[in-house]
Amino acid sequence: MDHQKEIEKKKYRNWVRGGLAYKYLKQGLENFADDVVKREHTRILASINNTAHTNCNFCLLRNLQPLHTCKKGHNGQKICPYELFNCNCVHSKKQPCPSSICDGVMEEILKSHGSLPPQPNWKNTDIKKWCTEPWEVAKCYINAPGYADKKNAADIDASGLLHVFINNTNLHSHLACSMTGNTNIFIKTRARRNSIFHSPSMEMEDKELNECVDDIIAILEDAKEIKTRDDAQKAVTKLKKLRYDDFVITTHNELEVCREALSTVTRMTVELNQLIQKTKVDIDIKQASASKAIDSKIQTVLQDAAEALANNGELKEVEQAIKVLNTKVDNSERNFKQRLIQIENDIATLKASGDQQKTKERLKYLEDKQKLQGELVKYYQKYFLKTSVSPLKQEEDNIKVKDVYVPPEIEVIEEKHFDNTDKMKQKTHEKKYVKRYQEIFQTKKQQNKKIYIVGDVGTGKSFFCKIMIENWCEAVNVASRKEIGDEIIHISSEIDIYTVNRC
Ligand SMILES: [Zn+2]
Ligand SMILES: [Zn+2]
């Protein structure tokens with residue numbers, strides 16, 4: 001492999017390792033997230049005197065009259081004290097919760113939302129479960145769609161968990177790190193996840209990977225509560241192993257990261273489309289109330305753009321529409337401005353991620369590879385992994401290799417070359433006993449191309465190869481169910497193994 005290819009391969013390996021770092025972050029964080037979300041839920045219910053966890057089956061979000069009341073602006077218009085656009089408090093025909101439950105929970109959600117104005121994501125939640133399902137409240141803090149059917153932390157990806165910790169200011173008391181400003185490690189880690197999974201080149205520099213792993217470890221070693229938790233410590237151990245150059249990336253791991261990358265881009269397109277639609281609806285409402293005149297032509301452009309995005313992912317038209325809108329919207333319209341900035345940022349990220357052709361191709365390759373591995377496992381298990389107990393009883397050939405295998409003592413003989421004074425090359429041999437397959441497959445971290453297993457007749461050379469195949473089959477099967485880093489799974493197809501009888 002030439003130098004350039006070697007570098008590209010290294011950057012790709014870094015990218016996969018970066019993706020895995022987020023998987024470990026989720027593993028280390030989810031039980032803690034479950035605990036603090038439950039504690040916060042208990043606090044909310046206590047604050048509204050509903051310690052019996054009684055649900056209200058009456059209220060709907062669109063009809064619920066909040067506890068807070070609107071203010072009057074200088075020209076008499078109704079203004080939400082939270083500065084929420086089109087909040088239920090400015091509408092007179094909304095209904096209060098008959099059990100005095102839903103309005104209280106809603107107020108608590110608004111009060112502890114960290115953004116200005118607060119922007120709980122009501123699309124992710126079911127108001128009827130607010131008093132019995134802690135995550136129905138917590139999911140309001142995930143500022144992205146796609147979590148409506150998720151029931152607990154295990155169902156929610158690393159990005160969703162980070163959103164909850166960033167946006168719910170009441171959870172900050174469980175953390176020692178600073179959560180203020182836009183540079184805290186939770187925000188940085190969430191933003192970095194997007195840039196990794198949107199990377200069309202599927203590459204990551206060493207420095208980026210190290211920073212990513214450092215920040216995730218810092219989250220999982222947060223001194224206040226997370227650090228002492230068993231699952232966080234296990235995740236940190238895995239994250240530290242990610243840094244090793246010889247960290248084994250299995251096909252299963254690669255597949256997981258590629259799938260996650262593709263689904264992240266798809267989800268972002270859906271989010272963007274929803275945001276555009278919502279902005280359009282809000283502009284319609286504003287126009288209807290005639291408090292702000294927005295050119296109807298812009299409305300049409302925005303509608304066309306949203307349709308273009310939904311139909312073929314064409315971003316140019318959306319970008320054009322947003323640019324025009326931005327010039328028309330008054331600076332005082334902070335809600336709109338913020339939303340338009342977010343749309344612009346999302347478009348820029350999506351454009352940079354391209355059509356993810358490389359990720360799709362890699363995913364296809366990995367799926368084919370995994371399929372081939374599965375077929376090989378079946379084939380080997382059927383034809384190679386049974387034996388007879390004795391060469392004299394060949395007909396009794398249904399015995400599992402593993403049941404009768406006795407590991408042979410194997411030593412690797414490495415050739416060493418020395419230049420003597422006569423410039424003649426002289427070979428010396430060095431012996432070492434083999435404990436790991438890697439010692440057979442590699443010499444000084446370079447993969448061996450040809451391996452000769454030499455021994456007397458009947459000493460178990462073929463058996464050794466059979467058991468190696470058996471171990472490989474097992475590793476492939478286990479890797480598809482759970483994560484392992486067994487070196488055996490990584491045997492390259494480029495290795496030839498010969499068994500040779502010693503004469
Ligand atoms: Zn309001
Ligand atoms: Zn209610």
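This report covers a zinc site, two nonpolar cores and a set of salt bridges in a predicted model.

**Zinc site**

The zinc ion (ligand 2) has four sulfur ligands: the SG atoms of Cys56, Cys59, Cys97 and Cys102 coordinate the metal at 2.3 Å. The angles subtended by the 4 donor atoms run from 105 to 114°, and the arrangement is therefore tetrahedral. Four donors count as tetrahedral if all angles lie between 85 and 135 degrees. Along the sequence, the donor residues follow the spacing C-x2-C-x37-C-x4-C. Cys56 and Cys102 are 46 residues apart, and the pair links distant parts of the chain. Cys56 sits in the loop between helix H1 (3-47) and strand S1 (71-72), whereas Cys102 belongs to helix H2 (residues 102-111). Both Cys56 and Cys102 are buried.

Helix H2, which contains Cys102, is mostly covered, with 9 of its 10 residues buried. The buried residues of H2 include the charged side chains Asp103, Glu107 and Glu108, alongside Val105, Met106, Ile109 and Leu110.

**Nonpolar cores**

The largest nonpolar core has 59 residues, and Trp15, Phe186 and Leu220 have the most contacts inside it. Several helices supply at least two residues each to this core, among them H1, helix H5 (185-197), helix H6 (206-220), helix H7 (230-242), helix H8 (251-288) and helix H12 (357-383). Helix H3 (134-138) and helix H4 (158-167) also supply at least two residues each. The largest share, 13 residues, comes from H1.

Leu220 illustrates how this core is joined. Leaving aside residues up to four places away in sequence, Leu220 touches Tyr24, Leu25, Gly28 and Leu29, and also Ile226, Lys227, Ala232, Ala235, Val236 and Leu239. A second, separate core has 25 residues and includes Cys56, Cys89, Cys102 and Tyr141. Two of these, Cys56 and Cys102, are also zinc donors.

**Salt bridges**

The model has 24 salt bridges. Three that involve helix H1 are listed below with the separation of the closest N and O atoms.

| Salt bridge | Closest N and O atoms | Separation in sequence |
|---|---|---|
| Glu205 and Lys11 | 3.1 Å | 194 residues |
| Arg229 and Asp35 | 2.9 Å | 194 residues |
| Arg39 and Glu225 | 2.9 Å | 186 residues |

Glu205 lies in the loop between H5 and H6 and Lys11 in helix H1, so this salt bridge ties together parts of the chain that are 194 residues apart in sequence. Glu205 is partly exposed, with a relative accessible area of 39%. Lys11 also counts as partly exposed, at 21% relative accessibility.

The loop between H6 and H7 supplies Arg229, whose partner Asp35 is in helix H1; the pair therefore ties together parts that are 194 residues apart in sequence. Asp35 has a relative accessibility of 30% and counts as partly exposed.

Glu225 is also in the loop between H6 and H7, and its partner Arg39 is in helix H1, so this pair joins parts 186 residues apart in sequence. Arg39 is partly exposed, with a relative accessible area of 42%.

A network of salt bridges links Glu40, Arg43, Glu108 and Lys111. Of these residues, Glu108 is among the buried residues of H2.

Methods:
Residues are numbered from 1 along each chain as its sequence is written. Chains are lettered from A and ligands numbered from 1 in the order in which they are written. This is a predicted model: local features need pLDDT of at least 70, side-chain atom pairs count only at pLDDT 80 or more; totals for chains, interfaces and linings use all residues. Side-chain values use heavy atoms; hydrogens and water are left out. Donors are N, O and S atoms within 2.8 Å of the metal (3.2 Å for Na, K and Ca); water is not among the atoms, so sites may look incomplete. Four donors count as tetrahedral if all angles lie between 85 and 135 degrees; four count as square planar and six as octahedral if opposite donors are over 155 degrees apart and all others between 65 and 115; anything else is irregular. Helices (H or I, at least four residues) and strands (E, at least two) are DSSP runs, numbered from the N terminus. Buried means under 20% relative accessible area, exposed over 50%, partly exposed in between (1.4 Å probe, protein chains only). A nonpolar core is a set of buried Ala, Val, Leu, Ile, Met, Phe, Trp, Tyr and Cys residues joined through side-chain atoms within 4.5 Å. Contact means heavy atoms within 4.5 Å. A salt bridge is a side-chain nitrogen of Lys or Arg within 4 Å of a carboxyl oxygen of Asp or Glu.
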